[in-house]
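Colleague: I am new to this structure and would be grateful for a close look at a single part of it. Please take one place in the chain and then describe the strands that belong to the picture.

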Amino acid sequence: MKTLILLIDFYGHPALATDRYNDNIRYSALTEIISSSFIDKTNCAIFSTSIPQNDERLLELKKMATLKGFPFVTPIPGTNSVPWDEIYSIDYIKSKLKEFINIDKTDTQIIVTGTNTSGCVYKSKSIGAYHWSKAGFKTKIYLPMTIEYEQKGINDLERNINGFATLYNEIKKDKCFDIDIVKNFNDLKLPV
């Protein structure tokens, strides 16, 4: 099965972090994917929303990924005449990746990661897990590569707990039980 890995606002809001450990987990999980030699890179692509120039870790991981053969596509700021949030859609992503991988709901899984698990990763962005699921794609949210900043909480742990509880309630309300919540690397079932 082909795989698209989405990085939604991956850089996040580090100024709001109470524990750098959480951000390190996300980047480490992405490194694990990029460094895995068994993945069939002709059937696995990475798409990231825009990457800030000060996100040196993600820019370096993008270089590593492309050197290892992963298609890694990121829109370049200033190249579109529409506002950023409006360019991100399922059709937009499919068009940007068509020279690398044909994204089709019959044989492509979508792994959604990034910032604000209960918001953008799930539904707030038009490329969140909810939208892929409703479009008929096998969809997973990979928890080690997500983080919550928008929920209340005195620290990252409490915000992440509240974010996951909100995510669960939203999935229940939307009846999106086909979305898999994944915590183990092997459960991603990346193409080999």
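**A buried loop residue and a central strand**

Modeller: Isoleucine 127 has a relative accessibility of 0% and therefore counts as buried, the limit for that term being under 20%. The model is a predicted one. Isoleucine 127 lies in the loop between α5 (120–124) and α6 (129–134). Its C-alpha atom is 5.5 Å from that of serine 89, although the two residues are 38 residues apart along the chain. Beyond its neighbours within four places in sequence, isoleucine 127 is in contact with Leu6, Ile8, Thr49, Tyr88, Ser89, Ile90, Ile93 and Trp132.

Of these contacts, Leu6 and Ile8 fall in strand β1 (residues 2–8), which leads to the strands. Strand β1 runs parallel to β2, and 5 bridges join the two. Within this pairing, leucine 7 has serine 48 of β2 as its bridge partner. Between β1 and β2 the chain passes through helix α1 (residues 20–35), in a β-α-β crossover that is right-handed.

Strand β2 (residues 44–48) has 5 of its 5 residues buried, so the rest of the structure largely encloses it. Cover is present on both faces: Cys44, Ile46 and Ser48 are buried on one side, and Ala45 and Phe47 are buried on the other.

Strand β2 also pairs with strand β3 (residues 72–73), in the parallel sense and over 2 bridges. Here isoleucine 46 has phenylalanine 72 of β3 as its bridge partner. Together with helix α2 (residues 56–67), β2 and β3 form a right-handed β-α-β unit.

Terms used: Residues are numbered from 1 along each chain as its sequence is written. This is a predicted model: local features need pLDDT of at least 70, side-chain atom pairs count only at pLDDT 80 or more; totals for chains, interfaces and linings use all residues. Side-chain values use heavy atoms; hydrogens and water are left out. Buried means under 20% relative accessible area, exposed over 50%, partly exposed in between (1.4 Å probe, protein chains only). Helices (H or I, at least four residues) and strands (E, at least two) are DSSP runs, numbered from the N terminus. Two strands pair if DSSP finds at least two bridges between them. A crossover is right-handed if, with the strands pointing away from the viewer, the path from the first strand over the helix to the second runs clockwise. Contact means heavy atoms within 4.5 Å.
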